[in-house]
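Subject: Structure handover

Hi,

Here is the structure I promised to pass on to you. Have a look at it first, and then read on for my notes on the salt bridges and on one helix pair.

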Amino acid sequence: MSNSPDILQDFGSLANVRIGLSAEVRAQGVHALNRLLAHTMAIRDAYKKAHWQTSGATFHQLHLLFDKHYGEQVLIMDAIAERVQTLGGVTFALAQDVVDESSIARAPRGRESALAQLSRLLDAHETILLEARPLARAAADMGDDGSNDLIVSQVVRSNELQSWFIGEHLAAQSGKAQ
């Protein structure tokens, strides 16, 4: 336990929650979900940066799309964080957590072209999807139906749909199908 009397639960520890799952299953779920949470926080921030800095002939369309996807990622982020807490874990919550845990490429500080923004976002969605599917299967195999459902119904389905939207915009921007 932490030396600070203000810390209620140390990061990496599990609270004793009674949800019908063993501590081992819950610990594995917390670890996996926190990684998805870091990725979701990274893509959320990438969407907001793109929203603020997009330009060009499709500015209005992309400005609105990026903000819509940002809001959807915020909802996913909240659902993942609540599941981590439900499992008795402590969620990632800080920018440094994202830097340390997520493999999603960071955008440069400068303003990028719409093509670069779209490509970066498409790559980020693919990163999330490539990690989420095996995590969903592992959760199901361990009997963690709640985490499996969350990953499939919110993380995978939302990221697939957003990826499709981004891919279609990218195809329109570059003049070829993705």
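Arginine 44 and aspartate 45 join their side chains in a salt bridge, with an N to O distance of 2.8 Å. Please keep in mind that this is a predicted model. The two partners fall into separate accessibility classes: arginine 44 has a relative accessible area of 16%, under the 20% limit, so it counts as buried. Aspartate 45, in contrast, is partly exposed, because its relative accessibility of 38% lies between the limits of 20% and 50%.

That pair is part of a longer list, as the structure holds eight salt bridges. Two others that I looked at connect one helix to another.

In one of them, glutamate 131 pairs with arginine 35, and their closest N and O atoms are 2.8 Å apart. This contact links distant parts of the chain, as glutamate 131 belongs to helix H4 (residues 114-141) and arginine 35 to helix H1 (residues 23-53), with the two positions 96 residues apart in numbering. Arginine 35 has a relative accessibility of 22%, so it is classed as partly exposed. There is also a network here: salt bridges link Arg35, Glu101 and Glu131.

The other involves glutamate 160 and arginine 133, whose closest N and O atoms lie 2.7 Å apart. Glutamate 160 sits in helix H5 (residues 145-174) and arginine 133 in helix H4, so this salt bridge ties together parts that are 27 residues apart in sequence. Both ends are partly exposed: the relative accessible area is 36% for glutamate 160 and 32% for arginine 133.

Now for the helix packing. Two packed helices are described by the angle between their axes and the distance between the axes. How do H1 and helix H2 (residues 59-86) pack? Their axes are 8 Å apart and meet at an angle of about 160 degrees. Angles over 145 degrees count as roughly antiparallel, which is why H1 and H2 are described that way. The crossing of H1 past H2 is left-handed. As for the residues of this contact, 16 are nonpolar, six are polar and four are charged.

If you open the model, arginine 35 may be a handy place to begin, as this residue of H1 takes part in the network with Glu101 and Glu131.

Best wishes

Technical notes:
Residues numbered from 1 in each chain as written. Predicted model: local features only at pLDDT ≥ 70, side-chain atom pairs only at ≥ 80, totals over all residues. Heavy atoms only, no water. Salt bridge = Lys/Arg side-chain N within 4 Å of Asp/Glu carboxyl O. Helix = DSSP H or I, 4+ residues; strand = E, 2+ residues; numbered from the N terminus. Buried < 20%, exposed > 50% of the residue type's maximum accessible area, 1.4 Å probe, protein only. Axes fitted to C-alpha atoms, helices over the stretch in contact; angles between N-to-C directions. Parallel < 35°, antiparallel > 145°, perpendicular 65-115°, else oblique. Left-handed = near helix turned anticlockwise from the far one by under 90°. Nonpolar A, V, L, I, M, F, W, Y, C, P; charged D, E, K, R; others polar.
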